Amino acid sequence: MFIKTVASTPFSDQRPGTSGLRKKVSVFEQPNYLENFVQALFNSLSGVTGKTLVLGGDGRYYNDTAIQTIIKMALANGFGRVMVAKDGILSTPAASCVIRKYQAFGGIILSASHNPGGKDDDFGIKYNTSNGGPAPEKITEAIYARSKTLNSYRIADIDDVDISVLGETKIGDFTVEVFDGISDYVELMKTLFDFSDLKKLFASGFTMRYDALNAVTGPYARRILEEELGAPKGTVVNGTPLPDFGGKHPDPNLTYAKDLVDYMFGDNAPDFGAASDGDGDRNMILGNHFYVNPSDSLAVICANYQSAKGYADGLLGIARSMPTSQAANKVADALGIKCYETPTGWKFFGNLMDADKVTICGEESFGTGSNHIREKDGVWAVLFWLNILASRRQSVSEIVTDHWQKFGRNYYSRHDYEGIDSTAANGLMENLQSKFASLKGAKLGDYTVDIADNFAYIDPIDGSETTNQGVRILFTDGSRIIYRLSGTGTSGATLRVYLEKYEPDTAKQNQDAQSALSDLIKIADDLAGIASRTGMEKPTVIT
Ligand code: G16
């Protein structure tokens with residue numbers, strides 16, 4: 001028999017974070033490390049016999065090795081079919097699309113998302129369930145529990161499968177199908193957006209730059225923007241996925257997508273700019289000399305839902321993660337629909353979408369998406385913006401400024417302190433929590449504290465409770481300071497400080513966000529003792 005059971009010893013550090021298990025490549029390269037995690041995952045699923053598993057990733061270093069191992073383990077664990085994307089290239093949103101379209105049992109996505117890639121950087125693995133969405137905590141916790149006691153794994157002793165050629169390979173009752181990871185996704189986009197309108201937009205001389213940051217969305221963006229919509233060749237830059245992302249940090253924000261930002265603020269800036277991350281679920285939107293904050297982008301998309309044919313019938317509801325600004329709430333109020341507030345992590349939106357409570361969701365962490373799939377979707381957000389631009393025929397800055405005039409402006413910024421000592425970070429959070437009782441009603445500068453707590457969430461659909469989701473200092477005027485430790489980093493801790501202030505006065509809406517928030521920034525530092533506890537005078541990244 002060519003199925004082997006290999007003895008192994010458990011690892012103690014295989015608890016999935018906000019979005020799957022992310023570690024340095026060197027951790028994954030330890031003997032049996034990947035195999036143990038995959039076996040713990042398969043042991044946590046029931047009824048896989050004969051079923052289909054979708055497999056792909058963002059093309060980062062170690063994807064190819066992991067793909068071959070997972071194909072062999074899927075066979076050994078009873079799956080009937082593995083659908084693996086050609087060359088392994090499958091964005092996270094495309095994986096969600098394919099799982100849903102072919103009613104697969106689930107999918108494994110090999111990515112550490114926006115984290116850097118390459119031999120010395122990060123790798124990751126996440127599991128999505130049959131609804132196409134990230135595994136909920138009850139599954140990720142079950143994987144972790146099993147990983148701690150796992151003493152063997154099952155693997156088939158077969159040759160590697162050539163994943164560079166489309167087609168099927170049969171091994172007994174088991175089939176490996178190599179499919180085109182781009183086409184199904186493009187077809188889905190055509191059902192949501194009117195490509196002929198967008199073609200006219202580009203034909204009218206509209207200009208754009210899309211920076212794929214040498215990550216997975218290059219082939220998707222080239223196919224859609226340049227081949228389908230007729231944007232000139234060269235509209236997509238850094239469009240070939242590279243194992244180390246060309247040394248770039250594939251995180252579409254003001255710091256790590258600086259080349260694009262500089263270009264969009266330069267003399268020859270086009271009308272529209274966008275970037276996506278390693279695995280294609282994040283997006284950054286820019287206009288000519290204009291940056292759209294992700295929280296504002298969510299609100300603008302929702303307010304302009306009628307621009308896109310797939311949404312013209314109306315929105316069921318909106319959802320945003322807790323740290324995301326309350327700009328979307330203003331739109332929901334105006335539309336007479338509900339705006340749900342969930343913990344950080346796309347997985348919390350899945351139940352709401354499955355229960356038809358929400359259509360569009362978004363996060364401050366450059367994530368926007370809808371119920372067309374169960375992941376956030378970078379290229380979708382870009383296409384939605386193109387639809388808004390095509391129907392309104394205004395510039396990005398005019399559209400956003402108009403939005404503020406109508407709904408008020410939620411000044412917003414996130415300050416990240418990366419790579420800080422974990423003990424210092426935990427101490428900072430504990431110290432804040434010890435102040436909750438004394439903070440209620442306290443005056444901090446011009447602000448009065450209404451609520452100081454640690455955000456907890458009860459899922460309205462299945463009643464599951466999630467605690468410890470970030471310290472909230474909520475002020476009586478609606479302003480907020482949120483402190484949260486990142487759940488996606490791989491070295492030390494990252495403290496995120498989210499700052500928000502509402503400005504309804506149209507005469508005061510054109511300040512720079514950092515200046516408008518300067519008093520809250522100071523309060524946030526003083527209250528938490530950020531500089532003294534972390535030794536960092538300035539954030540690493542400001543978005
Ligand atoms: C992941 C999740 C997002 C979440 C983000 C938060 O993003 O998919 O839903 O908002 O993590 O990251 P952190 O815990 O570091 O603040 P991605 O793009 O890394 O998959």
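Reader: What is the area buried between domain 1 and domain 3, and what share do carbon and sulfur atoms give?

Author: In this predicted model, about 570 Å² is buried between domain 1 and domain 3. Carbon and sulfur atoms give 42% of that area.

Reader: What makes that a buried area?

Author: Buried area is the accessible area two parts lose on being put together, summed over both. The two parts here are domain 1 and domain 3, so the value of about 570 Å² covers both. Their C-alpha centres lie 36 Å apart. Nine residues from domain 1 and six residues from domain 3 make the contact.

Reader: Why is the largest nonpolar core said to lie between domain 1 and domain 2?

Author: Domain 1 (3-180) and domain 2 (185-407) both contribute residues, so the core lies between them. This core holds 75 residues, and W380 and L386 touch the most other members. Helix α13 (residues 378-392) supplies its largest share, eleven residues.

Reader: Which residues does L386 touch, beyond those up to four places away in sequence?

Author: L386 touches L198, L201, F202, F206, M208, L225 and F272.

Reader: How do you know that α13 is largely enclosed by the rest of the structure?

Author: Buried means under 20% relative accessible area. Of the 15 residues of α13, 13 are buried, so the helix is largely enclosed.

Reader: How do you know that the span of α13 agrees with 1.5 Å a residue?

Author: The 15 residues should span 21 Å, and the end C-alpha atoms are 21 Å apart, so the values agree.

Reader: What is found at the start of α13, and what just after α13?

Author: At the start, a side-chain oxygen of D377 comes within 3.4 Å of the backbone nitrogen of V379. Just after α13, R393 has a positive phi of about 50°.

Conventions: Residues numbered from 1 in each chain as written. Predicted model: local features only at pLDDT ≥ 70, side-chain atom pairs only at ≥ 80, totals over all residues. Heavy atoms only, no water. Core = buried A, V, L, I, M, F, W, Y, C linked by side-chain atoms within 4.5 Å. Buried < 20%, exposed > 50% of the residue type's maximum accessible area, 1.4 Å probe, protein only. Helix = DSSP H or I, 4+ residues; strand = E, 2+ residues; numbered from the N terminus. Domains from an automatic or database assignment. Contact = heavy atoms within 4.5 Å. Expected span 1.5 Å × (residues − 1). Polar contact = N/O pair within 3.5 Å; in protein donor to acceptor, adjacent residues only side chain to side chain. Buried area = accessible area lost by both parts, 1.4 Å probe.
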